[in-house]
Structures are given as C-alpha cells and as structure tokens.
Amino acid sequence: MIRICRLGLGLTLATVAVPLVTVVAQGQQPSPAPPASAAAAGDPATGEQIFVNLCGFCHQDGGRVAGRGPKLAGTDRPDDYLVNRIRTGKEGAMPAYGRAFTEAQVRSLVAYIRSLKADGQ
Ligand code: HEC
C-alpha cells in the first residue's frame with residue numbers, strides 16, 4: 001500500500017510540498033492494522049503516509065495538536081466535511097487537493113484522521 005501511495009504522491013510532492021516535507025517526519029507512530037474493510041473504508045496506514053508528507057507541516061504531530069492548521073484528532077466533523085475540506089481547501093489557509101488524490105486516497109486520509117480519535121489523542 002505504501003508503494004501505491006508513493007506513485008500518487010510524486011506529482012503533489014513536487015508541486016506543493018517540497019519546501020514543507022522536511023519538518024514533519026518526527027513523532028509519527030505506526031498505525032494500527034487496517035480493518036478488513038480497508039478497501040472500502042480507506043486505509044489509515046496509507047492515509048498516514050500521505051499525511052506525513054503533505055499535511056503534517058500545518059497539522060502538526062500527525063494532526064494530534066494544533067499548529068498552523070487545527071488539531072484533527074478527535075474532530076467531531078462528519079466525513080463529508082473532512083472530504084470537502086481536503087478537496088477544496090480553504091482560501092488563504094489550506095491548499096485544495098481536489099485533483100491531487102484519488103477517491104481511495106481521500107478515504108484513507110479520513111480513515112487516518114479517524115484512527116487518531118481511536119487512539120484517544
Ligand atoms: C498550509 C497549511 C495546511 C496544509 C498543508 C494542510 N492543511 Fe488542513 N487545514 C489548514 C487550516 C488553516 C485549516 C482550517 C481551515 C478552516 O478554517 O476551516 C485546515 C483544516 C483542515 C480540515 C478541517 C478540520 C476541521 O475540523 O475543521 C481537515 C480535515 C484538514 N485540514 C485536512 C488536511 C489534510 C488531509 C491535509 C493534507 C492532504 C491538509 N489538511 C493540509 C491548513 C493546512
């Protein structure tokens with residue numbers, strides 16, 4: 001799954017996050033094993049890989065704490081809201097990743113964000 005993820009990331013990394021990626025790699029913990037329905041529900045481990053590379057610069061400590069962007073762990077926003085924010089971003093605040101990710105990658109990002117809640121952080 002990491003291999004699939006990397007394929008999808010090359011373009012985005014080059015265009016969006018090259019200056020950002022060096023800051024974010026510390027403090028990540030391994031994700032729990034994905035559920036059996038990972039293909040349909042999104043795979044948190046895949047989501048984490050994307051998140052570490054592209055999102056952690058603003059959503060710090062893997063989204064566990066507030067930084068440039070809000071803390072995501074334990075968010076009570078519905079999935080639709082999270083997907084929409086990832087796709088459309090927020091002008092002046094967060095880039096829009098609409099064309100950067102496949103449907104499965106967005107689902108995996110949401111699954112990763114939900115897994116933070118499951119960790120109780
Ligand atoms: C340049 C900084 C930046 C980057 C990079 C970034 N975000 Fe954000 N993000 C923000 C800010 C700022 C907000 C708050 C926007 C608002 O006011 O709704 C936000 C909001 C969000 C929200 C909504 C949270 C909530 O409860 O309102 C989600 C989900 C989210 N980001 C996910 C991601 C993901 C996934 C990525 C990587 C693909 C990412 N972000 C990359 C800055 C960033």
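## Core and ligand shell of a six-helix chain

The largest nonpolar core has 17 residues. Phe 51, Val 106, Leu 109, Val 110, Tyr 112 and Ile 113 have the most contacts inside this core. Helix H3 (44–54) and helix H6 (103–118) each supply at least two of the core residues. H6 gives the most, with seven residues. In soluble globular proteins, nonpolar side chains tend to be buried together.

This is a predicted model. The protein chain holds six helices and zero strands. Its pattern along the sequence reads α-α-α-α-α-α. The chain has 121 residues, and 29% of them count as buried. Take the contacts between residues at least 6 apart in sequence: 65% of these join residues at least 24 apart.

Val 110 illustrates contacts across the sequence. Leaving out residues up to four places away in sequence, Val 110 touches Gly 42, Asp 79, Leu 82 and Val 83.

Now the ligand. It is surrounded by 21 residues. The closest are Cys 55, Cys 58, Gly 69, Ala 93 and Met 94. H3 and helix H5 (79–88) each supply at least two residues of this shell. H5 gives the most to the shell, with three residues. The shell residues divide by class as follows.

| Class in the ligand shell | Number of residues |
|---|---|
| Nonpolar | 14 residues |
| Polar | three residues |
| Charged | four residues |

H3 serves both sites: at least two of its residues belong to the core, and at least two belong to the shell around the ligand.

Definitions and conventions:
Residues numbered from 1 in each chain as written. Predicted model: local features only at pLDDT ≥ 70, side-chain atom pairs only at ≥ 80, totals over all residues. Helix = DSSP H or I, 4+ residues; strand = E, 2+ residues; numbered from the N terminus. Buried ≥ 20, exposed ≤ 12 C-beta atoms within 10 Å, placed from the backbone. Contact = placed C-beta atoms within 7 Å. Core = buried A, V, L, I, M, F, W, Y, C linked by C-beta atoms within 7 Å. Near = placed C-beta within 6 Å. Nonpolar A, V, L, I, M, F, W, Y, C, P; charged D, E, K, R; others polar.
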